[in-house]
There are 4 protein chains.
Amino acid sequence: MQSEHRHYTSPLAQRYASPAMSHLFSEEHKAKTWRLIWIYLADEQRKLGLPISKTQVKALERAQDSINLKRVATWEAKLKHDVMAHLKAFAEKAPAAEPILHLGATSAFITDNAEALIHRDALVMIHAKLASVLKVLHDQMLKYAALEMTGYTHFQPAQPVTLGKRLALWAQDLLADAQEIEHYLNLYRPLGCKGTTGTQASFVVLFGNDRQKVQRLDLAVVRRMGFSKPVALSGQTLSRRSDVAMLNVLAHIASSLSKLSYDMRLMQHTGEVREPFGKHQVGSSAMPYKQNPMAAERMTGMARFVITLAHNAQWTHAVQWLERSLDDSSNRRLVIPEAFLATDALCDAAFRILSGIRVDEAAIKRHLNRYREMFESEAMMMEETLKGGSRQELHEKIRQDSVAGRLKVKESRWPLSGAAEHQVLDFARRELKPWLRRNEKALKRSKEMIQKASV
Amino acid sequence: MQSEHRHYTSPLAQRYASPAMSHLFSEEHKAKTWRLIWIYLADEQRKLGLPISKTQVKALERAQDSINLKRVATWEAKLKHDVMAHLKAFAEKAPAAEPILHLGATSAFITDNAEALIHRDALVMIHAKLASVLKVLHDQMLKYAALEMTGYTHFQPAQPVTLGKRLALWAQDLLADAQEIEHYLNLYRPLGCKGTTGTQASFVVLFGNDRQKVQRLDLAVVRRMGFSKPVALSGQTLSRRSDVAMLNVLAHIASSLSKLSYDMRLMQHTGEVREPFGKHQVGSSAMPYKQNPMAAERMTGMARFVITLAHNAQWTHAVQWLERSLDDSSNRRLVIPEAFLATDALCDAAFRILSGIRVDEAAIKRHLNRYREMFESEAMMMEETLKGGSRQELHEKIRQDSVAGRLKVKESRWPLSGAAEHQVLDFARRELKPWLRRNEKALKRSKEMIQKASV
Amino acid sequence: MQSEHRHYTSPLAQRYASPAMSHLFSEEHKAKTWRLIWIYLADEQRKLGLPISKTQVKALERAQDSINLKRVATWEAKLKHDVMAHLKAFAEKAPAAEPILHLGATSAFITDNAEALIHRDALVMIHAKLASVLKVLHDQMLKYAALEMTGYTHFQPAQPVTLGKRLALWAQDLLADAQEIEHYLNLYRPLGCKGTTGTQASFVVLFGNDRQKVQRLDLAVVRRMGFSKPVALSGQTLSRRSDVAMLNVLAHIASSLSKLSYDMRLMQHTGEVREPFGKHQVGSSAMPYKQNPMAAERMTGMARFVITLAHNAQWTHAVQWLERSLDDSSNRRLVIPEAFLATDALCDAAFRILSGIRVDEAAIKRHLNRYREMFESEAMMMEETLKGGSRQELHEKIRQDSVAGRLKVKESRWPLSGAAEHQVLDFARRELKPWLRRNEKALKRSKEMIQKASV
Amino acid sequence: MQSEHRHYTSPLAQRYASPAMSHLFSEEHKAKTWRLIWIYLADEQRKLGLPISKTQVKALERAQDSINLKRVATWEAKLKHDVMAHLKAFAEKAPAAEPILHLGATSAFITDNAEALIHRDALVMIHAKLASVLKVLHDQMLKYAALEMTGYTHFQPAQPVTLGKRLALWAQDLLADAQEIEHYLNLYRPLGCKGTTGTQASFVVLFGNDRQKVQRLDLAVVRRMGFSKPVALSGQTLSRRSDVAMLNVLAHIASSLSKLSYDMRLMQHTGEVREPFGKHQVGSSAMPYKQNPMAAERMTGMARFVITLAHNAQWTHAVQWLERSLDDSSNRRLVIPEAFLATDALCDAAFRILSGIRVDEAAIKRHLNRYREMFESEAMMMEETLKGGSRQELHEKIRQDSVAGRLKVKESRWPLSGAAEHQVLDFARRELKPWLRRNEKALKRSKEMIQKASV
């Protein structure tokens, strides 16, 4: 029995999310990223003339990868401060740089800036996976653009749509979600070098009140991190408003995929469309005949988890005090990684379901025929109005006839699903295709990442 | 005793929100807006060649304002369908147009498109009020840009900031919120003419399968409404994803103002900054000496209400079924108006508090002096490091000295609040001022709207 | 156009909730209840020897009902304190008692104690309505105890149940909810007379440090209110924990009824069971043939509203500060009434749906027969195991056969729905019936209250 | 680098919760508990006469502990069904019992019944920890029952309380929480033996329609588990309503402890009461002088996490479909363990803070003296009223004098904190002490469990 089986381990890491996403939120990756930020700080301070030598920076760079998390734990037990513990362990590996490490910085400098990198990478990963999901949706929606099927409002039969149209509606929501990630990343500004309470006072001292240099350091560090500029103003940390926006992006993906999962579950009920099902897969330990939409149901449950997690960010922001209160820390440590891991799992599940979607055209036709008379009545109402009838009187007549079961209609000349097919083609041509083209690189990256593992 | 005192009336309408916002969500305004949408539909159908006469359209236009909500109620009691009830009441006032009213439309055509207008107007109102709040913040933050005061992290004294800087941090969050409204409105696409299940089937019949005309009608109606184009795809309604985005915009404003309200309450505790207090105002019915931050506290409570309301939108979207499920209706009817009304009240309260903010410079100085020694220690640590000392050793020494109460430091040459003042000026110059200039019209409109009533 | 049509009015009061519940949360009822509490205080203080005359108490009693809310509003505009405003208006009507009104009290004494009465009455009303709902469920579940129908897990056909069993499952949840109301009311202790910060200091002074008398006053006032004893400890207000418990009771009802509404919507889809539908009712303004489960859908949406409202109580409690922070006030003013009104509407809707439930036995049989072979396979698996077969091998064989469509089974001797009928009868006999008998008075009261109005 | 550092690991298991709680939710413990349930089923079926031999049961018992989770994983990869995978792995270790394993059962029989054991043990653990917290509170509140300190309403100085009274208020909330656990466990009924859709159909077949035996099996299995009786009715699973109640119990603890944490943070601000602080502890990596209320802040953040997690249970219940939908599974797998782990961590943190609370009596006196004049005014107002003055006029006079800074009062004869001390003593004597006495065993158990590790 491995030790990890003796304590709780999050099924997100073990069961649902991809190893790549899980690694982004590992202790190892955090430690490395923190060291990277310390190195950037020291090196940029050196360039701006502070008494830091190239040798010292080199010492840090050499030590970056020799991470000993046990040693960190020992320090933390004593100091009860995780950044200080990592700093001590880092300094031990690069004693030459010890005197100048973390110069002018506060813990939030390390944690917030490291998060800027980790969260960006995680968002880029989600964005790439959405690209894959959108690519499958694109292909499937074109394939089924004209396949007419019963529409459902109130989950009661309603005027027909096409399967492609349904897929396109999911795509439209997810496309908006993907663009929201882009928007978020465009607006995102990392903390940079702001000091203990955001005033840059330590840097003002270090640079002898040379505001130019203070600003250049602020800019240089975030440039090294790959961002265009730092946030204008901060307290000790970035405003936790940026978490709200980020987590809401994930929650929006979750609610779009939740809607998708419900639609899949309902279509699997009617038998028209099913999710993939493994050859040896067992649907039920007691009812051997069952083929349940388990992957879709899992998505519903996982989406719920993401949506509630996101609420934490909103409350954390709402109750912050002045330059900072630490009640964000324990909460964010749980909420942010788990929201990313669960969203990652959701995207992978969506990809697998949509790739292996099973369409039963016979069942679709059967359902459609059952209600055809009713469906024709709308066209009839329109045509009679064109001929001068009163829409309102016709509506009442059809209503009464159909309740009484005496509705008689003749077949319309036009497709029951109206312009559904054309809507799909237009949407593909004008919106989805161009976006996919702009995101070919993400798409390629994602293909490699998409988990092959079973749903 | 008026009848409205005998049943529950929302304090949002009676006590907190502005009459203007309250009117936007009144039964009267809804009825008028619905009629407007019916008129647009009929008139644009006429222009595209359907058998609708100018006389019919005129009849509708003439009847638009003669709204009799009692008559509507009578119809609704019978039909149990609110759109049909309004339609009947409208048709009675314009019998000539009765046969062609609502032609090709479904209820969601009326409700969703009317909401596009109402919600846009409500968002524009909130945006204008944010402009006013940002203008006050701009002026106050410049006024107090250099006023040094004790910083607080963990609500423990920390390196000094300036009052202007604190105000600027609030402004930075609210500026992002205001820009989010702009972003939302830019992306927003109304439903347009999509028919019962979004396929435009009824319009396809009406226009004899002329897809061009179907699209032209779709476009023309939303142009009349003042939007650039309709949504590409819909089920019976717009994807409820757009509610999620809209309500989150309001929730973001609420959480930014919640943070502001907490900061105000904490500063009122230290006595450094207070909200306005009326001459005859009673702080407590039992402790006559009290001056409580009641307006700020009210904001905290109201913000909480908005934030939880917004969760409804997310769940509604997440659990929608196929072309539409009606479980959105009763929920949105409550959630959307109340979220707007409460946000409106929040903005008004923020404006009043910030306009009348009372700053006690003596108290501020007193607090600052109390901790001055500790605050100087950071600069000392920096300066000793510049001279070759080890940052890490200095940190530990200061820590021990200060716990033991034997910390001795000399005064720094540089301001304790570092670059705070310059940060404020830079932020004003680069971000806030230009935005205010771009939004002068909104600002002007808002000034007229801002409630003069007491907090 | 009435003025109330020109501003927002909550559809809860106008459209969904019962007039009786709405009146409980009216301004009028609040004012009267506040005066009642003032009278109780004065009279009990008099009895305990404070210098208050019978004449003064009589003056208050005579003035109790002459409420002028306009006058209150005038005072509030000046004092910006609602309790003080009501106090002034009351005192004006009973000038003799003016000097001793509100003696030793703080605003929370009035508001919290008045709420104890209002919330109790509201809970009793909800409890009575649940009794009615449970009575209908009881009768319907016995009627349909043996009516076999297709079971659904994952909304895929599963071993048959009976309709009565489904109704009984709803009843079991709602019975637990009703008992939770009883439990809550049993534990509830009103604030009583605790003074400004809960220390009873003012009463200690008034009674010359006679602790006995202080306690007797505390007890006497809540006895007058109909409660057995006051809370042991409070700050300025009752711990807001009691709101959490109360709102969660409502949220539990809402989630039980939400589950019920989903089941109804799904059964209406299969056509087996439908909600009532009015003769003139219009299902859709565009698809005249439609009969949608609108009442059930409305319940889903309303339940969502209640559930999110309840979260407010939890957050309000979680962020209270020391003896009291006022951020509870604006929030509770909205959340508590609306949660009650919406729950009231939910109960009425459930009653109407369940009373008029339409069961299509032919459809039920049709569905059941379609899957009968599969359903028989479970019994077969059991019987073969009894004969010595391996359960595991049989499971795998049936799984493969049924995927391949070659499943062959013979009919079981025993009912497909197992013990479902007996479970229903046992539950009725052992749990539901005894509870209904214990609550006959509530039931009777409720019958009078249940809204006759349409769904 | 250990592999667990390369992927995400929940800080709940690694950093915050106790090993004992973490083990309850481990894969190992789950596997063992599942096997226990299988053994109970087989053995009780044997006793009731099904063709199961003692040898077979013995084989299962012998195999119970030889758990190979790798083997389980291999099976799950093939079958995509976790219960079936565990069943296969178990059967391989006890081949003699393979044919009769899981007889008549469905997966939910295993998972729901195993959870009954695990959740009960987890609740008992939380209950015991609350007992420890309440014991510390009891001792501290008696110690400080008479220590007068400034009261705060609106975080503005208000009539004095005592420190003991503040501690007692926390205790009163937590006592209610602990009693809620007892109430929940009293009402809790496990699933027992209900079969695939709750009808016990498989058992009806196995026992040849002998309802007595079906019921005896149902009862016998839950008796073996240590419960008094099974739930009356179920679908495939227990109604998810019981999760709602359970998670709300945890959320109530969280919100009570959140309130406590806020009070601690505010008192640490005024310097009157502080949480413990380690000798080598570093308050800030940049401001060496800082002693922040980090443990209390961590509690605030963790409580937020628990509260939002609990919402999942409510939504899961609210959206269940008919006999069962599987969207509960992935969600509960995350939500329930994490809610327990975080609550466990919260209780441990509360215990440590309260045990090591640091009270600065000088600071307390300093604050009190600062506002003494104002505080005396309430007693003065009372005494003047006793002498015949008008309470209302006195209130207005004091209000004006105190705003104008000319308030003059003489010292009251009675304690400023009124009956606070006596309230504490009464509460201890009547409520807390008796409860602690009734729970001495829990208390003892808890002492051993309470984590010695630092906050």
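Which residue is the bridge partner of Glu148(C) in S2(C)? To find out, open this predicted model, select chain C and go to its strands S1 (148-153) and S2 (156-162). The bridge partner that you will find in S2(C) for Glu148(C) is Thr162(C).

**The hairpin of chain C**

Keep both strands selected and follow how they run, for S1(C) and S2(C) pair in the antiparallel sense, and five bridges join them. Together S1(C) and S2(C) make a hairpin that has two residues between the strands, and in this turn you can pick out His154(C), whose phi is positive, at about 60°. If you then colour S1(C) by accessibility, you will see a strand that is mostly covered, with six of its six residues buried.

**Where chain C touches chain A**

Now show chain A as well, and select the residues at which the two chains meet: 42 residues of chain C are in contact with 42 residues of chain A. The area buried between chain C and chain A is about 3,500 Å², and carbon and sulfur atoms give 53% of that area. Select Pro288(C), Tyr289(C) and Arg399(C) next, since these supply 21% of the area that chain C buries against chain A, more than any other three residues.

If you look for charged pairs across this interface, the rule finds zero salt bridges between chain C and chain A, although nine residue pairs of these two chains, both at pLDDT 80 or more, are in polar contact. Strands S1 and S2 of chain C, which you have already visited, are among the elements that give two or more residues to the side that touches chain A, and so are helices H11 (241-270), H12 (294-318), H15 (372-386) and H16 (391-403). The largest share of this side, six residues, comes from H16(C). Coloured by class, the side of chain C that touches chain A divides into 19 nonpolar, 16 polar and seven charged residues.

**Two residues in the helices of chain C**

Is Ser377(C), a residue of helix H15 of chain C, buried or exposed? Ser377(C) counts as buried because its relative accessibility is 1%, which is under the 20% cut-off. Show its side chain, and you can trace how it reaches the backbone oxygen of Met374(C) at 2.5 Å. Leaving aside its neighbours within four places in sequence, Ser377(C) is in contact with Ile398(C), Leu407(C) and Val409(C), and also with Tyr289(A) from the other chain.

Move next to Arg366(C), which lies in helix H14 (residues 361-370) of chain C. Arg366(C) counts as exposed because its relative accessibility is 53%, which is over the 50% cut-off. If you draw a distance from its C-alpha to that of Arg6(C), the two are 53 Å apart in space and 360 residues apart in sequence.

**Where chain A meets chain B**

For the last stop, show chains A and B, whose contact takes 106 residues from each of them. The area buried between chain A and chain B is about 9,100 Å², of which carbon and sulfur atoms give 61%. On the side of chain A, select Leu233(A), Arg241(A) and Leu322(A), which lose the most area to chain B and together account for 9% of what that side buries.

Eight salt bridges are counted between chain A and chain B, and you can view one where the side chains of Asp426(A) and Arg211(B) meet at 2.7 Å, N to O. Finally, select helix H11 (residues 241-270) of chain A, which gives the most to the side that touches chain B, with 14 residues.

Terms used: Residues numbered from 1 in each chain as written. Chains lettered and ligands numbered in written order. Predicted model: local features only at pLDDT ≥ 70, side-chain atom pairs only at ≥ 80, totals over all residues. Heavy atoms only, no water. Contact = heavy atoms within 4.5 Å. Buried area = accessible area lost by both parts, 1.4 Å probe. Salt bridge = Lys/Arg side-chain N within 4 Å of Asp/Glu carboxyl O. Polar contact = N/O pair within 3.5 Å; in protein donor to acceptor, adjacent residues only side chain to side chain. Helix = DSSP H or I, 4+ residues; strand = E, 2+ residues; numbered from the N terminus. Nonpolar A, V, L, I, M, F, W, Y, C, P; charged D, E, K, R; others polar. Buried < 20%, exposed > 50% of the residue type's maximum accessible area, 1.4 Å probe, protein only. Pairing = 2+ DSSP bridges.
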